[in-house]
Amino acid sequence: MRVGQGVNELQTGLTSLFDIDIPIVQAPIGSASCPALAAAVTNAGGLGSLALSWRSPADARTAVETAMAQSTGPIVANIVLDDAAATTAPETLVACCLDADVPIVSFSFGDGSEFVDRLHANGSTVLQSVGSIDAARSAVAADIDCIVGQGIEAGGHVEGELTTLSLLPQLVDAVGEVPVIAAGGIADGRAIAAALTLGAAGVWIGTRFLATAEATIHDTYRSRLVSAESSETVLGTPFDGGWPGMAHRVLETAPVSEWVDAGRPAREKPGAGERVGTTPDGEPIERYDDVLAVPGTTGEIETLPLYAGQGVGQIDRSKPAASVVTDLATETRIALNNAPG
Ligand SMILES: Cc1cc2nc3c(=O)[nH]c(=O)nc-3n(C[C@H](O)[C@H](O)[C@H](O)COP(=O)(O)O)c2cc1C
């Protein structure tokens, strides 16, 4: 029998674990994630998420409660553990998730082991993002329920040094029965089919959902995501004002090209210190600040970090998130049924 014939091709360890229909997770995408996006993805049969780390404790609480109230299924709340990055302490955000009974909590950019027992005792499922096989082994030893393996094709901050294609099968081999979710550069159904064929229980998609109608990003940023080619991204450390030294993948805008041409300097970057914009709260934004262009941001939007993964060239228009989930599910079924063999 060919893959998918006479079976529900999209039924995986992830769909069983979370009682969802489609093994597609909308990845946490910083301040661009919002309750409307998370709920739209979950209500379409996938799994929506919120990134909490750049929200105040009160905003984080409101966001998870709103997303949960608007959703017919579970949602994920993500907490970044690197002290240098987040504006609200992980401990505070874990307490918020416990109080709000968030069904699924994900940790990234750091080891969430210390929180696992408390979250399990509260009935939450715990996910850990990793960029290496060793990190996955440690997470499994700490009783994490599900691993997210992020390859370097990913948009935004990048955890490891391996491509998704290289990382994924090795993670699957290393973690036994624990489901693995594939992240990084996945933007269409063929890539999802490939990830499932390599043993992934689901996919964790950021950039494709960043371009949806619901994502809270500036229109100029959304337009660039729709028009950009995959060859136009750069992995490096240009925008590390706010998260020093952490690699990230962004569109190669003029300031990024200038930084690359200057030899990718860690310090004394061209134009450093120059004010390039203002946040919706009226805070100044300097060149190289790690600040997302959201609605209400003013100034030179293309001078800000336009985070994007290598799948960006496969996005040709901005659609509602539910349509993206449905389209991706259809494309995946077709790809699985057309697989040779
Ligand atoms: C704008 C943006 C913001 C992100 N913010 C977070 C975050 O807050 N927490 C996190 O764990 N990962 C974050 N990521 C990484 C994503 O969760 C995910 O791993 C990545 O987008 C997957 O690759 P893709 O963009 O090629 O689909 C972010 C990615 C983007 C593009």
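These legends accompany close-up views of the ligand site and of one pocket in a predicted model.

**View 1. The ligand sits between two domains.** Domain 1 (13–214 + 320–337) contributes residues to the shell around the ligand, and domain 2 (219–312) does too, so the ligand lies between them. Take a moment to find P28, N78, S108, G185 and T207, which come nearest among the 25 residues around the ligand.

**View 2. Oxygen atoms of the ligand meet G185, W204 and T207.** Here we zoom in on the polar contacts. A polar backbone atom of G185 is 2.7 Å from an oxygen atom of the ligand. Side chains take part as well: an N or O atom of the T207 side chain is 2.6 Å from a ligand oxygen, and for the side chain of W204 the distance is 3.4 Å. On its own the ligand has 600 Å² of accessible area, and the protein covers 95% of this.

**View 3. Strands and a helix contribute to the shell around the ligand.** Look for β3 (75–80), β9 (202–205) and α9 (207–210), the elements that each give two or more residues to this shell. Sorted by class, the shell holds 13 nonpolar, 11 polar and one charged residues.

**View 4. Helices α7 and α8 help line the second largest pocket.** This pocket holds about 190 Å³ of space. At least two lining residues come from α7 (164–175), and at least two from α8 (189–197). Among the residues of the lining you can pick out E153, T164, L168, I186, A195 and Q310. G185, one of the residues that come nearest to the ligand, also belongs to this lining. Its classes are seven nonpolar, four polar and one charged residues.

Methods:
Residues numbered from 1 in each chain as written. Predicted model: local features only at pLDDT ≥ 70, side-chain atom pairs only at ≥ 80, totals over all residues. Heavy atoms only, no water. 1 Å grid on protein atoms, 1.4 Å probe; cavity = no way out; pocket = protein on both sides within 12 Å on 5 of 7 lines; lining within 4 Å. Points joined across faces, edges and corners; volume = space filled by probe spheres on them. Helix = DSSP H or I, 4+ residues; strand = E, 2+ residues; numbered from the N terminus. Nonpolar A, V, L, I, M, F, W, Y, C, P; charged D, E, K, R; others polar. Near = heavy atom within 4 Å. Polar contact = N/O pair within 3.5 Å; in protein donor to acceptor, adjacent residues only side chain to side chain. Areas by Shrake-Rupley, 256 points an atom, 1.4 Å probe, with all protein chains shown as cover. Domains from an automatic or database assignment.
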